[in-house]
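Let us take a walk through this protein together, from its overall build down to a few individual residues. Keep the viewer open as you read.

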Amino acid sequence: MRAAVQHEIGQDKLEVLDDVEAVGFGPGKVRLRLRAAGLCHSDLSAMSGVLPQPAPFVPGHEGAGEVLDVGDGVTAVTPGDRVLVCWLPSCGTCPSCRRGQTQLCLAGLAAAGVPNFRRAGGSPSDVFGFAGTGTFAEEVVVGAVCAVPIPDDVPYEIAALIGCGVTTGLGAALNTAQVAAGSSVAVIGCGGVGINTIQGARAAGAAQIVAVDPVASRRDAALRFGATEAVAPDALADAKKRITGGEGFDYVFEVVGTSATARTAYETTRRGGTLCVVGAGALDDHFQVSMFELFFDEKRILPSLYGGGDVLRSYERAIALWRAGRIDLAGLITHRVPLAGINDAIDQMRTGEALRTCVEI
């Protein structure tokens with residue numbers, strides 16, 4: 001089968017190969033035929049080494065398709081079922097799951113250290129899948145808990161986005177920060193996740209939503225998806241002064257993943273307000289805040305991993321809001337490419353041209 005492979009961390013391009021097979025099928029596993037995948041910035045971060053990932057590997061963790069086969073003991077899905085890929089499933093038994101913090105379960109990530117694929121004629125033969133999945137492939141084998149059934153009215157390309165970017169952005173606003181109606185919000189970084197954070201803030205009833213991004217097309221998109229104003233980073237201080245009287249915003253979301261933007265977000269948050277860190281950053285990039293300001297300003301600093309809540313309920317909520325017309329998911333897809341054109345999709349994301357590119361498999 002075909003799959004897009006990165007041979008070494010740091011390479012800019014993927015190689016689409018025909019000699020790859022999905023491996024690991026057995027009890028508790030399912031084999032999926034993928035139909036659509038989304039390119040997320042986390043894929044680029046894994047390719048560059050910002051996020052840890054063994055190589056060679058197949059990037060991609062947003063995906064949807066149909067079940068081809070199920071292993072012994074699998075009862076939740078059957079061949080032919082339409083499913084989305086959940087890259088961070090919960091085991092249901094670890095301390096995090098028992099506390100109700102299923103997004104902190106590490107059981108699913110353990111699969112990231114086990115090869116998902118194998119090359120028939122290449123060397124090395126073992127190939128990993130990003131985050132234990134690897135959706136830039138025609139087929140993939142994952143744990144049954146990673147295959148979440150989707151209703152028939154949800155297109156594959158929309159289901160793929162719900163599998164990460166939509167859930168992460170909506171959840172940051174609705175689960176983690178719990179944006180209050182009538183509040184003021186700033187979102188720094190308006191790629192796919194940032195746009196969905198804006199949609200979440202709008203759904204929660206925020207009165208002012210300021211989108212911040214250096215790319216003009218993304219600022220325009222933010223306005224279409226619910227931002228009340230969109231500014232370049234160098235205009236954020238002026239927006240803070242005009243909209244909040246210089247006090248700062250009630251909620252500020254950092255959706256870039258760098259200490260510099262997190263520091264800007266902190267300074268843009270009002271005293272007693274909430275800074276929500278959504279961007280996935282590097283292990284060696286340290287955010288700094290003085291002990292005095294931490295104590296005196298009483299700002300809440302809330303990281304948000306995968307939307308900060310039960311992902312299965314978050315999926316259901318996203319579908320319900322989409323059906324009700326309260327969020328726009330189809331509009332997130334600005335470009336489409338076949339699997340053979342995956343490097344075009346990567347270029348589109350790096351330049352900021354695309355919000356989300358649907359990879360049609």
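**A guided tour of the fold**

The secondary structure of this protein adds up to ten helices and 19 strands. Please keep in mind that you are looking at a predicted model. What are the spans of the C-alpha trace along its principal axes? They are about 65 × 40 × 40 Å. The radius of gyration is 20 Å, which agrees with the value near 21 Å that a compact globule of 361 residues would have. As for the interior, 55% of the 361 residues count as buried.

Next comes a pocket. The second largest pocket has a volume of about 250 Å³. Its lining is made up of 17 residues, and those nearest the centre are Lys29, Ala111, Val141, Val142 and Gly143. Which element gives the largest share of this lining? That is strand β10, residues 139–143, which supplies three residues. By chemical class, the lining of the second largest pocket divides into ten nonpolar residues, six polar ones and one charged.

From strand β10 you can step back along the chain to the loop that joins β9 (126–129) to β10, where Ala131 is found. Here the backbone is worth a look. Most residues other than glycine have a negative phi, and most peptide bonds are trans. Ala131, however, has a positive phi, near 55°. Is this residue buried or exposed? Ala131 counts as buried because its relative accessibility is 8%, below the 20% cut-off for that class.

Gln178 also has a positive phi, of about 50°, although it is not a glycine. Look for Gln178 in the loop between α3 (156–176) and β12 (184–188). With a relative accessible area of 56%, Gln178 is exposed, since that class begins over 50%.

For the peptide bond, turn to the loop between α1 (41–48) and β5 (57–58), where Pro56 is found. The bond from Ala55 to Pro56 is cis, with omega near 0°.

Now for some contacts through space. Gly100 is found in the loop between α2 (95–98) and β8 (117–119). How far is the C-alpha atom of Gly100 from that of Asp310? The two are separated by 7.6 Å, although their positions lie 210 residues apart along the chain. Gly100 counts as partly exposed because its relative accessibility is 46%, between the cut-offs of 20% and 50%.

Leu275 offers another pair to inspect. This residue is found in strand β16, which covers residues 269–277. Leu275 and Ala265 are ten residues apart in sequence, and their C-alpha atoms are 6.7 Å apart in space. Leu275 is buried, as its relative accessible area is 0%.

Finally, have a look at the aromatic rings. How many aromatic pairs are there, with ring centres within 6.5 Å counting as a pair? The count comes to four aromatic pairs. Charged side chains sit over rings as well. Arg82 lies over the face of Tyr156, at 4.5 Å from the ring centre. Likewise, the charged end of Lys299 sits over the ring of Tyr266, 4.2 Å from the centre of that ring.

Note on methods:
Residues are numbered from 1 along each chain as its sequence is written. This is a predicted model: local features need pLDDT of at least 70, side-chain atom pairs count only at pLDDT 80 or more; totals for chains, interfaces and linings use all residues. Side-chain values use heavy atoms; hydrogens and water are left out. Rings of Phe, Tyr and Trp (its six-membered ring) pair if their centres lie within 6.5 Å; planes under 30 degrees apart count as stacked, over 60 as edge-to-face and the rest as tilted. A charge sits over a ring if NZ of Lys or CZ of Arg is within 6 Å of the ring centre and within 35 degrees of the ring normal. On a 1 Å grid over the protein atoms alone, a cavity is a set of points where a 1.4 Å probe fits but cannot get out, and a pocket is an open set with protein on both sides within 12 Å along at least five of seven lines; lining residues have an atom within 4 Å of a point. Grid points are joined across faces, edges and corners, and a volume is the space filled by probe spheres set on the points. Helices (H or I, at least four residues) and strands (E, at least two) are DSSP runs, numbered from the N terminus. Ala, Val, Leu, Ile, Met, Phe, Trp, Tyr, Cys and Pro count as nonpolar, Asp, Glu, Lys and Arg as charged, and the others, Gly among them, as polar. The radius of gyration is taken over C-alpha atoms; the globule rule is 2.2 Å times the number of residues to the power 0.38. Buried means under 20% relative accessible area, exposed over 50%, partly exposed in between (1.4 Å probe, protein chains only).
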